[in-house]
Amino acid sequence: MGTDEEQVVSNIEVAQTSGPVKVHVGDLVASGAQLDHNETSYRITSDKETKNSGVYIEEPNSSDATIVIANSVIPKSGLFDLYIDNIDTTSVSLYKRNGSKINREISYTAREGGMGRSAEFKISSPLSINVKTGAYDETTESILYNYSVNNRLKFNSSVTIWEKNHDGSVGRKIGTVDLPRENISLSGTDIRGETDVLIGIHSPQNKDGSDTIYAVDTATINISVPAQLVGGPFHLSKTQTGSDHNGTLLFEFNTDISESQGQIRVRFLDNNTTEIRLNDHNQKYNVEDSILYVNISNQSVMSSPIEHIRIENIISKSNSTPLNNSYNSPTRIATIVSDNEKYTINQGSNIGFKSQNETQYLLSKADGSIVRRINTTDVTRIYEFGTDMLETGHYSLSSRSESQNTTIELIKPKINIEATDSAENSPILVHIEQEGASSGAVLNVTNSSSVVYRDEILFDRNSSASRSIPVSQSGNYSVTVYDPNAGVIATQGVDVVEAKKPEVLTNYGQELFNGGYLNLSINSTYPRSSVSLSSSTGNITTLNLTTTDTGPTPITINTYASPDSPSEFVTTGSGVSVESITGNTDPISPGTYDVTVRSEHGTAAANDTATVTITPRSTTDLTAYTTREAVPGDFENATAVRDAIADGTLTAATTAGANDTVVYGVNATGLTGLPAAVNASLDRGADLARLDGLSFGVTRTNASKATDPTEGDALGPVPNESTVHLDRTGLFLVADGETAFGTETPPADGETFEAGFRVDDERLNRTGDDPVTTRLTYAADPVDEPVTNGSANESDTPGSTEADPTGSGGPAGTGTIAGPGAGNGSDADDTSGAPVESGGSGGSGSSGASGGSSSSGVPAGGSPSAGDTGGDGSDATASNGSGQEVANGSRGPDTDRATAPPGTGITVAPGPSEIPPSAGPPALFGADGTAEDADDSSAREPHAETDRPDADRGSESGSEAAAGKTESADTTEPSDSDESAARDLGYDDAPIRSTAYDLPGFGPLGSLAAVASAALLARRRA
């Protein structure tokens, strides 16, 4: 037996030499031997003579193999020997598979001519083996044996142990080692208890050892193996649904373990623990021979990083010695690959594989270059290797013998998360996008003090997942998604705010008119809000807002403007900005609307709804009011006008004079939105004249004496130097009596004018309403007589009104009591001690304005009562300079009106506002939603307060003139407002012309009296 054996066939004798001698050696080849095909391996010798040529072999590797000796080399006489070299007999088995010896004799046959002769021989083994007494060593878990070998053995051999079948035949192989090793380990095998085995010496492992057996022995052994952990613990991550062992711990033992006793204790990083008992089949575990799987994801404790594992009382099936040991956190394995399969795995994960009697595995790139060598043992065992240092791409995991090959694709994993902000008692929505191979990840939500949520999520390749996480407390939260296999992590902060309950308030109890403002207030809002107006017909207009303040915050909607122009349609207070307007873009029409505020912060959302009714706007009437107790500048806004109407300072009138303050009041709703929408100022009459959509004018009732021949508007011009006040229910035009009639020169006494107002805008005047008008007659005041009593300058009496030149203020019986004092006359002396008697005159027609000249120092005498007033001026009660009341005649309050005058019958809170201050329309509106001219209107009026000629202001100035005082009637410097008002004057009223109205003082007679008084004073001082 050997790899290069030599054989001699000796003493061959040939009787005749007529042909070659052929030696048939095919029986040797048939037994498994291999012959060399080279002629040099064959020769003959005789009488010490060797001949190589002429000796060769035919068909060396078949059962017909024949060695040919040529006739020319055969000796003529005598014997010769045939030498055969380089015979390989290592594949010739000497034992059958049942372990019995093969008693085979091999035969050669030599022939020459028709004659032949045979010779037989055997192949002997230089090896022997026998199992030792007490063959099994529990310490090493090995079978011990002895063997012997002939010193001339020139080839390697191996030893294999087989399990013997019940019929005595060779069963499954248990293990194989190479000589000169003298034991075979049974660790990791399932050979337990009393077992019959067969051990044999055979050709090396890379050859078929079961068919080429050189020597055998049989024995009966008793194997008892205590349990030992040889692999793991491994944590097989959750990678895909439906896998039997996802999310489990794997323990690999050296032998089959018993399911009758033992337990596994697991402590997690958060100090939670779980315990799995092997004898409790209600718990999730599985024993597969020497491998124990423990499912921890289905326990009552959520899966989290494992800190410590303890094995207690685990025993093997063949040995009752318990295993107790502790281990730190397990090695995570993404998957355990199988032979000849393809896998896609995330870069950075650990990969497990089970070796199959191989001593080394190779990890190679697609181009064949080896990147890692993994040494193993010849025992079936689970091994693992990491991929964090490997590049992405395709790899091959193969055994050194290339009997196993697995394809692995490494890809780069990535995790993206989107977590929404929220509020108390509302969920945090988390959406996770995973790029990469199937894997498991842990989702943690924490606040500043604790973990509030944890979950383990399974991802398929390039998949996503969403979670809704309830939170009950406000604060800053952190959302983290971690893939423990690949080491990939993603984190996002979340803001959880206090819960809000938004509310919306509308117009504060005021009636709403189309064309005006819808005033809202929103409160207790989140940063993102919307306000929707839903009509009964289904039209919805939505304001999308950013609300940085929680409120209350005002929002004003201009029902005249179109939502297509957001800056005109809506204005807001501080802390609110309009991002966009969506939905219906038509202007708000009359009707009932649901006003809904919706406020959001991430997933938190809350609503509140209020219902409003927008009434169609209307224009009712136009009324003229007059007073002598106030100048135009005293009326700062519409509220001031309404207050004056309410307390009687302003009274309805049909006549007015140059010394009156005239207010034209229009009862009209829904006008405030138009000027704001077109960004127009509406402070002065000139502004109103320029405003498209509204028309106002004053014209003579006598068409042949048109106020302005060039005026194309039938209503006439707007009075110069007038101011305009607008609020939600009306429009007021305030003018001095000199300019209230729209003429450039004073009208003739008794001349009647018609003031008219019309809504031209199609949005506001949808029904085609006719203009409203009122008539006002100019009543010239008589020229005052010189007054010599100067004591009135020191009185507290406000400026008085001039008497009506006709002596009556209207129809008989309509006189009213005016003034704060008593209703009778009195005697008073002026500072010079010279009493002066003043005659009565007709009433001015303004509530609170006094009748008569009202000079101080009136002689003692009674006066008619209020019920006796009326008729001519002689029946009126005079008033003294100290402010006592007098009765005056009314100039026609229009008592037969179908509707109340503007301002009456309407409850107006102090300083009512059409638009909240913080949400007002453009700067032309003040805090009350009216024209913002409270401080400017008086400055624009050249006849405000001290600017009116003293003779026209009543007895106070008259007394000063009578006393000979020379103080100027206007000592103030001209302002910008004066210049602006002057630009509104017509050509005839321009300051560059010298007219009768440019003269200082009180007119010709008054000026003459003043000059006389000054001369008398100078004479006295001289």
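This is a short walk through the structure, stop by stop, with something to select at each one.

**Before you zoom in**

Keep in mind that you are looking at a predicted model. Start with the whole protein in cartoon view: there are nine helices and 62 strands. Next, colour by burial if your viewer allows it. Of the 1022 residues, 51% count as buried. Switch on a surface and you have about 46100 Å² of accessible area, with 44% of that belonging to carbon and sulfur atoms. How far apart in sequence are the residues that touch? Among contacts between residues at least 6 apart, 68% join residues at least 24 apart.

**Stop 1: the aromatic cluster**

Select F353, Y361, Y383 and F385 and show their side chains. Ring pairs tie F353, Y361, Y383 and F385 together into a cluster. Across the structure, the count of aromatic pairs is seven.

**Stop 2: two arginines over rings**

Now pick R43 and Y83. R43 lies over the face of the Y83 ring, 4.4 Å from the ring centre. Then jump along the chain to R763 and Y560. Here the charged end of R763 sits over the Y560 ring, at 4.8 Å from its centre.

**Stop 3: S158**

Select S158, in strand β12, which runs over residues 158-164. Is S158 buried or exposed? S158 counts as buried because its relative accessible area is 0%, and the cut-off for buried is under 20%. While you are there, add R181 and draw a distance between the two C-alpha atoms. You should get 8.9 Å for S158 and R181, a pair 23 residues apart along the chain.

**Stop 4: P233**

Go to strand β17, residues 229-236, and find P233. Look at the peptide bond leading into it from G232: this G232 to P233 bond is cis, with omega near 0 degrees.

**Stop 5: T547 and its neighbours**

Give this one a bit more time. T547 belongs to strand β46, residues 540-547. With a relative accessible area of 2%, T547 is buried. Show sticks for T547, Y526 and S529. What does the side chain of T547 reach at 2.3 Å? The partner is the backbone oxygen of Y526. The T547 side chain also makes a polar contact with the side chain of S529, at 3.2 Å.

To fill in the surroundings, select whatever touches T547, leaving out residues up to four places away in sequence. You will pick up I522, T525, Y526, P527, R528 and S529, along with G575 and V576.

**Stop 6: two asparagines with positive phi**

Finish with a pair of loop residues. First, N462: look in the loop between β38 (451-459) and β39 (463-470). The phi of N462 is near 50 degrees, a positive value in a residue that is not glycine. Why does N462 count as exposed? Its relative accessibility is 51%, and exposed means over 50%, so N462 falls on the exposed side of the cut-off.

Then select N679, in the loop between α4 (673-677) and α5 (685-690). N679 has a positive phi too, near 55 degrees, and is likewise a residue other than glycine. Its relative accessible area is 59%, so N679 is exposed.

Key
Residues are numbered from 1 along each chain as its sequence is written. This is a predicted model: local features need pLDDT of at least 70, side-chain atom pairs count only at pLDDT 80 or more; totals for chains, interfaces and linings use all residues. Side-chain values use heavy atoms; hydrogens and water are left out. Rings of Phe, Tyr and Trp (its six-membered ring) pair if their centres lie within 6.5 Å; planes under 30 degrees apart count as stacked, over 60 as edge-to-face and the rest as tilted. A charge sits over a ring if NZ of Lys or CZ of Arg is within 6 Å of the ring centre and within 35 degrees of the ring normal. Helices (H or I, at least four residues) and strands (E, at least two) are DSSP runs, numbered from the N terminus. Buried means under 20% relative accessible area, exposed over 50%, partly exposed in between (1.4 Å probe, protein chains only). A polar contact is a pair of N or O atoms within 3.5 Å; within protein, one must be able to donate a hydrogen and the other to accept it, and residues adjacent in sequence count only if both atoms are side-chain atoms. Contact means heavy atoms within 4.5 Å. Accessible areas come from the Shrake-Rupley method with a 1.4 Å probe; for residues, only the protein chains shown count as cover.
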